[in-house]
Amino acid sequence: MYNNPLDQGFGFGRNQSSSDDDFFSLGAPVGPGQPNRREDVIKVETILGNTGHHDLAKTDGPLGWWGDRQEKAVKDWQGENGLKVDGMLKPNGPTISSLKQAAGGLLGGFKPPSPDEVDDHHDRLGRGEPGILNTRPARLSIPVPEKVPELDEQTLAFNADSARALTRTSVDGEVPNIYANYLKQAGADGHTTVLDLVDQVNNTEGRDRAERVLHGILGQVPPEQAKAFLGGEVPAKRPIGVRMADLADDDKVPLFARAAAVPAAEAPKPVQLAEADTGSRTDAAPASAPQLPITQSAESSPPKPASAPEAKPEPERMPAPGGTPAPQPEGGTDTERLLGMPIPDDEDARKEARATLEKVRDRGKALGQDKASEFLERYLNGDGSPVTLDKDWVRGHKPVQEAERKGEGHFENWLSGKGRPDTELKTINDHIPRDGETTEIKGLKWDAAADNSVWKALDDRSNALGGLSVKGVGDLKLERRGDEVIVTGKVTQSAEDRYDFSKGKTEEEKRKYAGEVLPQGVAGGNFNLTRGQIDQLEAAGGAKPFNILTDPWTKELVGRLKLDKDGRVIGSTFEWKR
């Protein structure tokens with residue numbers, strides 16, 4: 001028998017202060033050495049994400065934890081706006097006031113997500129489900145004529161190079177700038193080139209990345225040009241980091257929409273891809289084009305890894321003015337120098353990925369990170385069979401402890417009538433027994449993701465375990481006594497993870513995150529690889545993912561539910577015996 005705090009009354013949860021209903025009202029200071037309430041950090045991350053100073057796409061939305069990235073974003077804003085550069089935001093202070101002036105029109109009508117909602121968002125993403133917070137700009141729809149002019153090989157190759165270069169990084173480099181400058185000069189004659197770029201990026205990286213690049217292009221051209229390209233008004237800016245439920249649903253908007261036929265006399269004329277940065281030009285002759293999707297050459301298809309890929313000829317370099325071939329610069333081709341990023345060759349990219357992972361493995365061994373190095377070796381040279389870890393060693397990892405508590409919170413929320421309905425068991429109010437009777441609930445399942453990304457310690461557990469998921473299954477008994485229900489039972493938890501470097505379960509989701517860079521902390525250094533590079537290595541058989549498992553552990557749950565006159569839950573309190 002253990003001390004039961006349930007007889008001490010009911011706690012109905014912490015009230016949310018009015019300041020938490022407004023993005024620009026901070027409950028306490030935020031910054032180095034400050035309280036950094038999660039509610040306030042979420043606001044700051046979201047605001048700076050919408051001003052372009054904090055990359056919310058990199059973390060799939062706000063996290064609510066103060067760190068170096070958040071501090072840098074604040075300082076960047078302060079430096080650009082003539083404020084004291086100290087990384088500090090005080091309630092009603094100059095920094096938050098300047099942010100309100102800049103972003104108040106966009107975020108002023110929205111209520112910030114709570115820490116629980118942020119955690120729920122990331123938990124869903126960890127399970128491969130859609131999140132509840134918006135992480136993308138407004139959907140765009142491009143009118144495509146019945147006859148799409150066929151681009152010349154050089155322009156197609158340049159677009160393919162641009163699309164492939166984007167797979168190596170989560171940033172867009174000079175790509176939007178180059179195509180925006182081109183579109184300004186070419187006008188309507190340049191629409192087909194930009195259209196093909198968007199199609200190629202969509203094929204390799206997914207629609208979200210393609211639209212992000214297009215937003216970057218259209219945001220730099222005169223409004224009338226952007227309107228002409230889209231065949232209508234540019235959609236209003238869509239705030240990042242707010243609840244999807246608070247936004248209009250635009251997912252049904254097609255990326256490519258068939259436009260009306262263009263009279264032959266008005267068909268586009270031959271154009272040149274003008275690059276103002278270098279003065280280089282490429283001729284493009286129009287012709288009738290195939291139907292969507294716009295894959296006009298093999299170059300526009302996504303790279304397909306294979307054990308022995310066919311050798312591809314080096315794309316012809318863009319000629320300098322006057323038709324004279326431009327000299328080959330040191331450190332890459334003209335196109336690579338122009339884009340500001342390397343263009344990967346499939347086989348070379350796989351060799352580079354494996355060599356880098358081998359360096360990380362060896363560096364980990366030298367640093368005494370035995371389990372992390374063992375797992376990386378198993379990934380590179382193993383047979384893909386699962387491994388079972390000691391549960392106590394795994395539970396000693398702080399993110400796993402936090403995930404355990406989040407999982408407990410999911411059970412508590414469901415029992416309190418606050419959580420989302422279970423697929424099979426529906427809601428707690430469907431199981432409340434009659435007075436004096438007992439109901440059993442079996443197989444109630446809730447999972448929680450261990451958010452390793454916010455855990456900074458580069459220890460062996462952190463590097464070995466990655467983002468584990470803590471799974472829980474509960475068998476509970478509900479005993480009603482008047483307007484109260486006594487809850488007793490057991491919840492069995494275990495941890496598991498797939499040791500790989502992919503993000504997302506579907507091919508579309510994997511393409512979306514293919515360009516995300518993964519600095520491998522196991523080496524205590526900066527060994528940069530993208531998820532796409534490692535996915536290609538896996539597809540070619542150069543690495544084999546495997547499952548990480550633990551033995552289960554069990555906890556006892558005791559609780560009490562308070563009912564209203566209709567027998568519905570209105571309050572609750574719980575205790576866990578670990």
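In this predicted model, T95 is buried, because its relative accessible area of 6% falls under the 20% cut-off. The residue is found in helix α3, which covers residues 94–107. Leaving aside residues up to four places away in sequence, T95 touches V74, W77, Q78, L83, M88 and L89.

Burial also marks helix α14, formed by residues 398–415. Of its 18 residues, 13 are buried, and the helix is thus described as mostly covered. The length of α14 was compared with expectation: at 1.5 Å a residue, its 18 residues should span 26 Å, and the C-alpha atoms at its ends are 26 Å apart, which agrees. The expected value is 26 Å because the span is taken as 1.5 Å times one less than the number of residues. Just after α14, G417 adopts a positive phi of about 80°.

The largest nonpolar core comprises 30 residues. Those with the most contacts inside this core are I142, Y179, V194, V198, L214, I217 and L218. At least two core residues are supplied by each of β1 (142–144), α5 (153–166), α6 (175–186), α7 (191–205), α8 (207–218) and α9 (223–230). The most is given by α6, with seven residues. For I142, the residues touched are L195, V198, L214, F229, L230, L255, F256 and A257, again without counting residues up to four places away in sequence. Another core, of 29 residues, lies apart from the core described above; Y379, V387, V394 and F546 are among its members.

Strand pairing was examined around β8, which consists of residues 484–499. This strand runs antiparallel to β7 (residues 469–481), and 13 bridges join the two. Within this pairing, K471 stands opposite S494 in β8. The two strands form a hairpin with two residues between them, and G482, in the turn, has a positive phi of about 70°.

β8 also pairs with β12 (residues 553–563) in the antiparallel sense, over ten bridges. Here I486 stands opposite R560 in β12. A further antiparallel pairing links β8 to β11 (residues 546–550) through four bridges, and R498 is placed opposite N547 in β11. Strand β8 therefore counts as paired with β7, β12 and β11, since at least two bridges are required and the pairings have 13, ten and four, respectively.

Key: Residues are numbered from 1 along each chain as its sequence is written. This is a predicted model: local features need pLDDT of at least 70, side-chain atom pairs count only at pLDDT 80 or more; totals for chains, interfaces and linings use all residues. Side-chain values use heavy atoms; hydrogens and water are left out. A nonpolar core is a set of buried Ala, Val, Leu, Ile, Met, Phe, Trp, Tyr and Cys residues joined through side-chain atoms within 4.5 Å. Buried means under 20% relative accessible area, exposed over 50%, partly exposed in between (1.4 Å probe, protein chains only). Contact means heavy atoms within 4.5 Å.
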